[in-house]
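Trainee: I should like to learn how to read the features of a structural model. May we work through one together?

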Amino acid sequence: MITTILAAATKGAAAGENPYGLWAALEQGGTIAWTVFLILCAFSIVSFYIMFTKLFEQQKVINQAKRVRTGFWTSNSLREGAAKLEKNSAYRQIVDDGITAQDQHAKLTDPVEAHDWLHGSLARSEAAINAKLGTGLAFLATVGATAPFIGLFGTVIGIYRALIKIGAAGQASIDAVAGPVGEALIMTALGLAVAVPAVLAYNWLQRRNKSIAEDLSAFSNDVLGFLASNGAVRPAVAKGAPAKPAAPAKPAATTTAGQAGGVQTKA
């Protein structure tokens, strides 16, 4: 977005259509204006880089979740199911950590409940995955909070310089005031143009991370149940898994007349 504004300002200045604009504001603003502009450009570039990389990472985990639902729980053991998952999969990491924790529990000299040991290991694995998915989002929040103020700083300095020049020239007409002040306000617009996409991306990515964390937590709980029951407990519904035989239906309740007073009682 900033590059588009800069290109438009450069084109307008080259054509001589408008003597005021971003390029003129940067040239007249000096070092401070250029510093503010470069900081905002860096913020914008890094923000879009984080947004696209996080979207790519999140989509990978979401696709992994689909594969887990379709084929993982049809396996006879966790090791067999883990072999069906990608090597660097987030879900593969949880399964591997759960299996490792189960093997380590037998080596503990201090008695610890197997459930507590497995639960702690799976929770630690899950937290590590969530922390990795959340990297970079703090920068988006920082950009969204600070970019408008950085642009406002450039505006304040630009207006100050413009007023000093107008006072030294002794001209206070509208054409002498509007141009320089309008140029200074461009910095505030740039700050908003950088902050708004960063805030939107932060909220969107956070919401997707929350959904992924819920899926990881449910899967971790299923793995814990499988390990704690030696495979007897697994998700009730797994797509592609053979259907379990339905439990026999209970006979419906009937009513008969009671021997005293004709009171209805259930058989």
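**Salt bridges, aromatic pairs and a core**

Mentor: Let us begin with one contact: glutamate 57 forms a salt bridge with lysine 54, and their closest N and O atoms are 2.8 Å apart. Please bear in mind that this is a predicted model.

Trainee: Where do glutamate 57 and lysine 54 lie?

Mentor: An α-helix has 3.6 residues a turn, so residues three or four places apart point the same way. Here both residues belong to helix α2, and their spacing of three residues is about one turn of the helix.

Trainee: Is each partner buried or partly exposed?

Mentor: Lysine 54 counts as buried, at 4% relative accessibility, because the cut-off for buried is under 20%. Glutamate 57 has a relative accessible area of 27% and is therefore partly exposed.

Trainee: How many salt bridges does a search of the whole structure find?

Mentor: The search finds four. One of them is again within a helix: the side chains of aspartate 96 and arginine 92 meet at 3.2 Å, N to O. Both lie in helix α4, four residues apart, which is about one turn. Aspartate 96 is partly exposed, with a relative accessible area of 28%.

Trainee: Which parts of the chain does the salt bridge between glutamate 86 and arginine 67 tie together?

Mentor: In this salt bridge the closest N and O atoms are 2.5 Å apart. Glutamate 86 lies in the loop between α3 and α4, whereas arginine 67 is in helix α2, so the pair ties together parts that are 19 residues apart in sequence. Glutamate 86 is partly exposed, with a relative accessible area of 35%; arginine 67 is also partly exposed, at 39%.

Trainee: Let us turn to the rings. How many aromatic pairs are found, and how is the geometry of one read?

Mentor: A search of the whole structure finds eight aromatic pairs. For tryptophan 34 and phenylalanine 37, the ring centres are 6.2 Å apart and the planes are at 85 degrees, so this pair is edge-to-face; the cut-off for that class is over 60 degrees. These two residues are three apart in helix α2, and about one helical turn separates them. Tryptophan 34 is partly exposed, with a relative accessible area of 30%, while phenylalanine 37 is buried, at 3%.

Trainee: What is the geometry of the pair formed by tryptophan 73 and phenylalanine 219?

Mentor: That pair is tilted, with 5.9 Å from centre to centre and 55 degrees between the planes. The pair links distant parts of the chain: tryptophan 73 is in the loop between α2 and α3, and phenylalanine 219 is in helix α7, 146 residues apart. Both residues are buried. They also belong to one aromatic cluster, formed by Phe72, Trp73, Tyr91, Phe219 and Phe226.

Trainee: How should I read the nonpolar core, and which elements contribute to it?

Mentor: In soluble globular proteins, nonpolar side chains tend to be buried together. The largest nonpolar core here has 25 residues, and those with the most contacts inside it are Phe72, Trp73, Leu78, Tyr91, Val95, Phe219 and Val223. The elements giving two or more residues to this core are α2 (22-71), α3 (78-83), α4 (90-105), α5 (114-133) and α7 (174-228). Of these, α7 gives the most, with seven residues. Apart from this core lies another, of 14 residues, among them Phe37, Cys41, Met187 and Val194.

Trainee: Which residues are in contact with tyrosine 91, leaving aside its neighbours within four places in sequence?

Mentor: They are Val61, Gln64, Ala65, Val68, Leu85, Asp215, Leu216 and Phe219. Tyrosine 91 is one of the buried residues of α4; the others are Ala90, Ile94, Val95, Gly98, Ile99 and Ala101. At the start of that helix, a side-chain oxygen of serine 89 reaches to within 3.2 Å of the backbone nitrogen of tyrosine 91.

Trainee: To finish with a polar residue, where is serine 75, and what does its side chain reach?

Mentor: Serine 75 is in the loop between α2 and α3 and is buried, with a relative accessible area of 3%. Its side chain reaches the backbone oxygen of phenylalanine 72 at 3.1 Å. A polar contact of 3.0 Å also joins the side chains of serine 75 and lysine 84.

Key. Residues numbered from 1 in each chain as written. Predicted model: local features only at pLDDT ≥ 70, side-chain atom pairs only at ≥ 80, totals over all residues. Heavy atoms only, no water. Core = buried A, V, L, I, M, F, W, Y, C linked by side-chain atoms within 4.5 Å. Buried < 20%, exposed > 50% of the residue type's maximum accessible area, 1.4 Å probe, protein only. Contact = heavy atoms within 4.5 Å. Polar contact = N/O pair within 3.5 Å; in protein donor to acceptor, adjacent residues only side chain to side chain. Phe/Tyr/Trp six-rings, centres within 6.5 Å; stacked < 30°, edge-to-face > 60°.
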